[in-house]
Each structure stands twice: as C-alpha cells, then as structure tokens.
Amino acid sequence: MIQPLAELTERVNAFQRGRGSDAGEWLVRFQGEPGAWKVCAEALGQGPADSVDGEFLQAFAAQSLASVCRCLPSRESEAERSSLQSHVTQLLRAHLFSTVIPNT
C-alpha cells in the first residue's frame, strides 16, 4: 500500500516532468480531499527542500495548504481549524528558521 506523502510526491514529480497523463487531474482532486492538508503539512514539515524536486513538491504543498486555509471557515469543524492553525504556525516557524518539525 502506498503512503499518502509518497503518492503525492510521485504524482507531483510526474506532473513536473510531463509524465502521467492523469497526474494533473489527480493533484486537483487531491487538493479537495479532507486529509490533504495533513499530507501537505507533512511534506512541508521536513524543512526547506534541498533539491528541485523537493522544492516543487513543497511549492505544491504550500499552494494546496493556502487553498484549504481560504475555505476553512465553511468546510472544517472548529477542532479541525484549530489543529490546522497550530500546524500552519509550526510550519511557518520551521521555514523561517530552517528547522524540521517532529511528526505529531
């Protein structure tokens, strides 16, 4: 069974390289999934990327996370919003100060 972050990484890389005719469609569907923000937070929680592939993955993850945040009030419960806010705050700190966030 493929893990969510591994699958996201694979699909983002396929899209970036122009391989996989359905990669773009999969990525759009992924952004609308309820747990997408957690996978994106995991990708960003690894700290700043050290490769072009990693930077592309993190750019997609950050854009996806921004999309979730924009529609958060209408889509998520109060508990989910609080959890997302905490994760986003940690991610911003990690990227501002170049640290890695432990998995929680």
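Reader: What is the mean pLDDT of the protein chain?

Author: Keep in mind that this is a predicted model, and pLDDT is the predictor's confidence in each residue, from 0 to 100. In this chain, 87% of the residues reach 70 or more. The mean for the protein chain is 83.

Reader: Where in the protein chain is confidence lowest?

Author: Let's go by element. Helix H1, residues 4–17, has the highest confidence, at 94. At the other end of the scale, with a mean of 79, sits H5.

Reader: How many helices and strands are there in the protein chain?

Author: Walk along from the N terminus and the elements read α-α-α-α-α. Strands come to zero, and the helices come to five.

Reader: Which percentage of the residues in the protein chain is buried?

Author: To count as buried, a residue needs under 20% relative accessible area. The chain has 104 residues, and the buried share of them is 34%.

Reader: Is Ser64 buried or exposed?

Author: First, its place: Ser64 is in helix H4. Leaving out residues up to four places away in sequence, Ser64 touches Gln31 and Cys40. Its relative accessibility is 2%, and the cut-off is under 20%, so Ser64 counts as buried.

Reader: And Lys38, in which helix does that lie, and why is it called partly exposed?

Author: Lys38 lies in helix H3, which covers residues 36–44. Partly exposed is the range between under 20% and over 50%. Lys38 falls in that range because its relative accessible area is 46%.

Reader: What distance separates the C-alpha atoms of Lys38 and Leu65?

Author: Along the chain, these two are 27 residues apart. In space, their C-alpha atoms are separated by 8.8 Å.

Reader: Which element gives the most to the lining of the second largest pocket?

Author: About 150 Å³ of space lies in that pocket. Two elements give two or more residues to its lining: helix H4 (52–75) and helix H5 (78–97). Among the lining residues are Gln58, Leu65, Val88 and His95. With five residues, the one that gives the most is H4.

Reader: How many residues of that lining are charged?

Author: Sort the lining of the second largest pocket by type and you get eight nonpolar residues and two polar ones. Leu44 and Cys69 are part of this lining, and both count as nonpolar. As for charged residues, there are no such residues in the lining.

Reader: What share of the exposed area do carbon and sulfur atoms supply?

Author: The protein chain exposes about 6,500 Å². Of that area, carbon and sulfur atoms supply 56%.

Methods
Residues numbered from 1 in each chain as written. Predicted model: local features only at pLDDT ≥ 70, side-chain atom pairs only at ≥ 80, totals over all residues. Heavy atoms only, no water. 1 Å grid on protein atoms, 1.4 Å probe; cavity = no way out; pocket = protein on both sides within 12 Å on 5 of 7 lines; lining within 4 Å. Points joined across faces, edges and corners; volume = space filled by probe spheres on them. Helix = DSSP H or I, 4+ residues; strand = E, 2+ residues; numbered from the N terminus. Buried < 20%, exposed > 50% of the residue type's maximum accessible area, 1.4 Å probe, protein only. Areas by Shrake-Rupley, 256 points an atom, 1.4 Å probe, with all protein chains shown as cover. Contact = heavy atoms within 4.5 Å.
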